[in-house]
Structures are given as structure tokens and as C-alpha cells.
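Visitor: I am new to this structure and would like to learn how to read it. Could you take me through it feature by feature?

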Amino acid sequence: MQNTGTNTLLIVDDEKRVVDVLLRTFRDVYDVHGFLSAPEALAAMPDLHAHVILTDEKMPDINGLSFLSKARDIQPGTVNIMLTAYSDQNLAINAINSGLVYRYLIKPWDTDELCLTVRQAFEYHMLLETNRRLTGELTIKNTELEKNLSLLQHTQSRLVQSERLTVVGQLTASIGHELRNPLSRIKTAASLLKSEFGREGGEVQDLLNIVENEVVVSDKIINDLLDFSKDRKSNSAPVHINEIITSSLERTRLSANVSVQTELGKDLPMVLADSGQLQQILVNLILNGSQAMVNGGILKIWSHASGSHISVHISDTGTGIKPSDIPRVFEPLYTTRAKGIGLGMSVVKMLVERNNGTIQIESQLDMGTTVTLTFPISQ
Ligand SMILES: Nc1ncnc2c1ncn2[C@@H]1O[C@H](COP(=O)(O)OP(=O)(O)OP(=O)(O)O)[C@@H](O)[C@H]1O
Ligand SMILES: [Mg+2]
């Protein structure tokens, strides 16, 4: 028989004669190591990469099964053969059932049978190794597959979203343009009427205020629609964010049961952004906040500088948003309002990103919502 050199066999028996015979039997075929006691074998195991262990059952320090169990802790995966001096059916059954022993042979052994058993043990070891390797590869492939699947699902949902955007864009572009001119005429007429009859105050003034307010809301809708229909460029320039906040609040006259509080940072550096687009963002967020407070509440806006950014927070004490619905808020056409279109927040997100900003929503159901915007400071 030829020495394979890579298959390592450990022989453990307290009888020197037995170890010598076994060493002679296998030394030409395998990389064989003989030990006269279990502790000796256990001490050597970390340096030997054993594939098969051939051990005696009865030994003075420790029995064969206990030795194999300790050996497994040092090197799991060896295939083990047990030798015993007498036939004990129960011992054999226990040994096999323990899962530690592959075969059980009785002394004196038949050499051919022993050689065959040891060879089968090495083959079995190879099968186990191959199986382990394939299982490992399968797990890696499975993980890759799962990753690809989720990527595919993500791409598919983005595709559906972009198709939706295209349809919305085509449909709304023409409607938006058609509405723009009549709306601007209504706006001019309202302000002329105000300057004509505004002095009288009272009901006329109130009615004209309503007209102006509704014009702002309609203007917002048209701007949202047009922003969807084409990729408008930003005309970035240094802007005072507090001026934009103030003008946006002036434009959106809120209902009497909503009180507005502002805490605008003093001497804030300017941000680099498109002022029209900033206004559109703020008008959208102010309207959303006030629309979430149907029974009144507090709309608070505060601004401050933090590092290289300016932060603006818009908070309301309205209905709040369910945690699972927060990501949906940015989906085009997602609305929970009877008169809503569901474009506001998707336009806000688009405009914020176009102006190199960030947006974050924190909300608690029945408590309120805070939207935080950041924009880079103009250098
Ligand atoms: N501050 C807020 N408080 C509670 N819910 C909000 C708030 N802001 C947004 N939402 C939720 O997100 C949805 C989408 O908002 P978005 O502004 O995109 O659309 P909309 O306000 O419904 O309609 P519009 O297109 O006219 O703005 C709202 O319908 C509402 O359910
Ligand atoms: Mg809105």
C-alpha cells in the first residue's frame, strides 16, 4: 500500500504491544501517530491534524468514550474507531449511539477487516469534509441569492415609481401651465380689490384674505405639479434663510386657531440655495403642519447654525404620522387628506436634495411632527 502522506491516523492504547503492531500495520499507508495514554494523545492533538482516531475502550486514566469526547473539543470532525478486548453488545451500542464512534472492533482483530474499516473511516471523513465545504458554499450562495433578490425587488419598486413619475409629469405639465395665468390674474384682481376696499375692513377684508390664501395654496399646487413635470434647474445664490421663513409665513395666512411661534437664530450665515425653491419647500411644510392641526395647535419654526450647515425645524402639534407611514410620506401621490394631491412632500424632498440639503421627519402619533431641514452655509 502507498503512503498518502496527508491522511493522519492517531492510535491510542495503553498496551505498547498493540500500539506497535498497529503502527507497523499502517505506517506505510498513513501518517500514523501512536500514544500509550489518552492524556498524551490529547496533549499532542493541537499540533496534529488528525482525520481518524483508533482508540482502545478500556484504559487506566480515562475510558475510550470520554477520551473521544475530549478529543472532539480539541478537534471536531475526526472519524473514530473503537477497539475493545471483549465483546460487549451494550458497550458497542452506547458507543455508536453517542455519535462519537464510527465503528467498533473486537480484539484480537482480523487485520484485513481492520484495514478495510480504517480505509472506510478515511473515505467517510473525506465525504464529511466535502459535505461541510458544500454546505458552506451553499450558505454563501444562498446569502448572495437573498441579497440579489432584495436588490431586484428594490430596483423593481424604483422602476414602478419612475413610471408613475413619468405619467404624473406628462399629465400635469399641461394642466399646470393652463392654470398659471388665470391664477395670477385672480391674485392681481384680489390685491387691487384690497387696495380699493381694504380700508373698509370687516367682511370684505376677510373675504379678500381668504381669496389670497387660496391663491397661495393653488400656486403651491401648480408649482408642485410643474416641478414634477420637468427637471427645473436651481439658481443658487447666497440667501438669508430667516427672510425666506418670514416671507413663507406671510404668504400662508394660517387659520386663527393655529398660533405661530418663531425662534430665528441671530446673525445666521447665508445659505447657498435657490430662494424660490426654498420658499416652495417652506410653504409646503407650513401648510402640511397647519393642515395636521384641524382643531388648532402650535406651529413652531426655529433656525440655527450647526457647523457648516444651517438647520431649520418646523414642528406642529397635530395628528402625527405612524412610524410605518413616515417613508411613504415622500412617495408621489401618497396622501391621507381628502383634498390632498400627495405631491407636496415628494417635491419638498426633490427640491431639498437639489439644493444640497437634507430632510428628516420625526413624528409621534397624536402628539405632532417635526421636520428638520439642513442646508450648507454659503462660503
Ligand atoms: N406635518 C404633518 N403631520 C401629519 N401628517 C403629515 C404631515 N406632513 C405630511 N403628512 C402626511 O403625509 C402625506 C403626504 O404629504 P404631502 O404634502 O406630500 O401631500 P398632501 O399634503 O396630502 O397633499 P399636497 O400635494 O396638496 O401637499 C399627507 O397626506 C399626510 O398624511
Ligand atoms: Mg402637503
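Visitor: Which residues of H7 and H8 meet?

Guide: This is a predicted model. In it, Ile244, Ile245, Ser247, Ser248, Leu249 and Arg251 of helix H7 meet Ser275, Leu278, Gln279, Leu282, Val283 and Ile286 of helix H8. By class, the contact of H7 with H8 has seven nonpolar residues, four polar and one charged.

Visitor: How is the packing of two helices described?

Guide: Two values are used, the angle between the axes and the distance between the axes. For H7, which spans residues 241-251, and H8, the angle is about 50° and the axes are 9 Å apart.

Visitor: What word describes the way H7 and H8 lie to each other?

Guide: An angle of 35 to 65 degrees is neither roughly parallel nor roughly perpendicular, and H7 and H8 are therefore oblique to each other. The crossing of H7 past H8 is right-handed.

Visitor: At what angle do H8 and H9 cross?

Guide: The axes of H8 and H9 cross at roughly 145° and come within 9 Å. Here the crossing, H8 past H9, is left-handed. From H8, the contact takes Gln277, Gln280, Ile281, Asn284, Leu285 and Asn288, and from H9 it takes Gly344, Val347, Val348, Leu351, Val352 and Arg354. Six residues of the contact of H8 with H9 are nonpolar, five are polar and one is charged.

Visitor: Which residues come nearest to ligand 1?

Guide: Ala292, Thr335, Gly340, Gly344 and Met345 come nearest, out of 24 residues around the ligand. Gly344 also belongs to the contact of H8 with H9.

Visitor: Which helices supply at least two residues each to the shell around ligand 1?

Guide: They are H6 (202-229), H8 (275-291) and H9 (344-354). The classes in the shell around ligand 1 are eight nonpolar, 13 polar and three charged residues.

Visitor: Now the domains. Where does the domain assignment place them along the chain?

Guide: The assignment gives domain 1 as 8-109, domain 2 as 156-229 and domain 3 as 237-376. Between the C-alpha centres of domain 2 and domain 3 there are 19 Å. To their contact, domain 2 gives 14 residues and domain 3 gives 15 residues.

Visitor: Which elements give two or more residues to the side of domain 2 that touches domain 3?

Guide: Those elements are H5 (111-197) and H6. The most comes from H6, with eleven residues. On this side of domain 2, seven residues are nonpolar, three are polar and four are charged.

Visitor: Let us turn to the backbone. Which residues does a cis peptide bond join?

Guide: Lys107 and Pro108 are joined by a cis peptide bond, with omega about -10°. Pro108 sits in the loop between strand S5 (103-106) and H5.

Visitor: What is the phi of Leu333?

Guide: Phi of Leu333 is near 70°, which is a positive value in a residue other than glycine. The place of Leu333 is the loop between strand S10 (309-316) and H9.

Key. Residues are numbered from 1 along each chain as its sequence is written. Chains are lettered from A and ligands numbered from 1 in the order in which they are written. This is a predicted model: local features need pLDDT of at least 70, side-chain atom pairs count only at pLDDT 80 or more; totals for chains, interfaces and linings use all residues. A residue is near a molecule or strand if its C-beta atom, placed from the backbone, lies within 6 Å of it. Helices (H or I, at least four residues) and strands (E, at least two) are DSSP runs, numbered from the N terminus. Ala, Val, Leu, Ile, Met, Phe, Trp, Tyr, Cys and Pro count as nonpolar, Asp, Glu, Lys and Arg as charged, and the others, Gly among them, as polar. Domain bounds come from an automatic or database domain assignment. Two residues are in contact if their C-beta atoms, placed from the backbone, lie within 7 Å. Axes are lines fitted to C-alpha atoms, for helices over the stretch in contact, and angles run from 0 to 180 degrees between N-to-C directions. Angles under 35 degrees count as roughly parallel, over 145 as roughly antiparallel, 65 to 115 as roughly perpendicular and the rest as oblique. A crossing is left-handed if the near helix is turned anticlockwise from the far one by less than a right angle, and right-handed if clockwise.
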